Amino acid sequence: MSDVLRVQWTIIARTAPQPWLTCGRCGETRRFRSSDKIRVNANGKRVDAWLIYKCTDCGSTWNRPVLERRPVRTIDPGFLTALHTSEPMLTRRLAFDVESLRRSAGRVEEFDDAIVVKSVPSKSTMPARRLEILCSVPEPVGLRVDRLIANELRLSRSRIQRLAEAGDLVVFPSVSSLRRPVRDGMRLVLGRL
Ligand SMILES: [Zn+2]
């Protein structure tokens with residue numbers, strides 16, 4: 001028996017990160033959005049593949065490298081088919097790979113719009129005095145911890161700040177600030193609700 005109510009929140013990002021690049025047609029730095037289309041070029045025994053991004057202003061394209069001059073025999077056939085068909089799970093995974101995107105693009109903007117799916121794995125019969133939220137975040141999202149709690153528990157941000165200062169909101173592993181984005185595996189423990 002426990003007086004802790006444990007819940008799981010799965011936070012599904014809606015908008016993939018977008019790079020800021022110099023657009024040749026606009027002549028200025030613009031945000032580019034994944035078109036969810038992959039272009040493959042098989043040249044003899046080697047394969048190049050790119051995820052195509054489009055300028056959000058004029059539609060000009062930017063090709064983000066996925067494979068460069070890769071010998072075709074070293075590529076898993078299933079992966080090659082997924083590339084050729086711009087398979088949606090693959091394009092989503094690539095579009096949300098923010099580290100790799102940063103390596104090719106430099107400045108990248110992340111977004112905080114997400115769907116939060118809640119579940120209660122085990123119910124306690126005792127009244128809960130504390131709430132423990134396990135966060136599952138399949139793809140990185142720019143959603144701040146304080147905004148997540150504010151949105152989902154309908155608490156004001158000042159209330160959240162006071163709870164944190166009183167030790168009634170603790171984040172594991174600890175974060176330097178509640179303004180940091182929520183990450184996979186994070187636990188939020190709230191007391192005295
Ligand atoms: Zn443009």
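In the predicted model, R31 is partly exposed, with a relative accessible area of 26%. The side chain of R31 takes part in a salt bridge with that of E109, at an N to O distance of 4.0 Å. R31 belongs to strand β3 (residues 28-43) and E109 to strand β6 (residues 108-109), so this pair ties together parts that are 78 residues apart in sequence. E109 is likewise partly exposed, its relative accessible area being 27%. The contact is one of 13 salt bridges found in a search of the whole structure.

A further salt bridge involves E110 and R102, whose closest N and O atoms are 3.3 Å apart. R102 has a relative accessibility of 32% and counts as partly exposed. E110, at 26% relative accessibility, also falls in the partly exposed class.

A salt bridge is also formed between the side chains of R187 and E132, with an N to O distance of 3.6 Å. This pair links distant parts of the chain, as R187 lies in strand β10 (residues 187-191) and E132 in strand β8 (residues 130-136), 55 residues apart. The two partners fall on either side of the 20% cut-off below which a residue is called buried. E132 is buried, with a relative accessible area of 13%, whereas R187 is partly exposed at 30% relative accessibility. The R187 and E132 pair is part of a network that also includes R6, the three residues being joined through salt bridges that share partners.

The interior of the model was also examined for enclosed space. One cavity of 30 Å³ or more was counted, and the largest cavity has a volume of about 30 Å³. The lining of the largest cavity comprises T15, A16, P17, F96, E110, F111, P140, V141 and G142. By class, six of these lining residues are nonpolar, two are polar and one is charged. Glu is counted as charged, so the charged member of the lining is E110. Gly is placed in the polar class, so G142 is one of the two polar lining residues. E110 thus appears in two of the features described here: E110 lines the largest cavity, and E110 is the salt-bridge partner of R102.

Methods. Residues are numbered from 1 along each chain as its sequence is written. This is a predicted model: local features need pLDDT of at least 70, side-chain atom pairs count only at pLDDT 80 or more; totals for chains, interfaces and linings use all residues. Side-chain values use heavy atoms; hydrogens and water are left out. On a 1 Å grid over the protein atoms alone, a cavity is a set of points where a 1.4 Å probe fits but cannot get out, and a pocket is an open set with protein on both sides within 12 Å along at least five of seven lines; lining residues have an atom within 4 Å of a point. Grid points are joined across faces, edges and corners, and a volume is the space filled by probe spheres set on the points. Helices (H or I, at least four residues) and strands (E, at least two) are DSSP runs, numbered from the N terminus. Buried means under 20% relative accessible area, exposed over 50%, partly exposed in between (1.4 Å probe, protein chains only).
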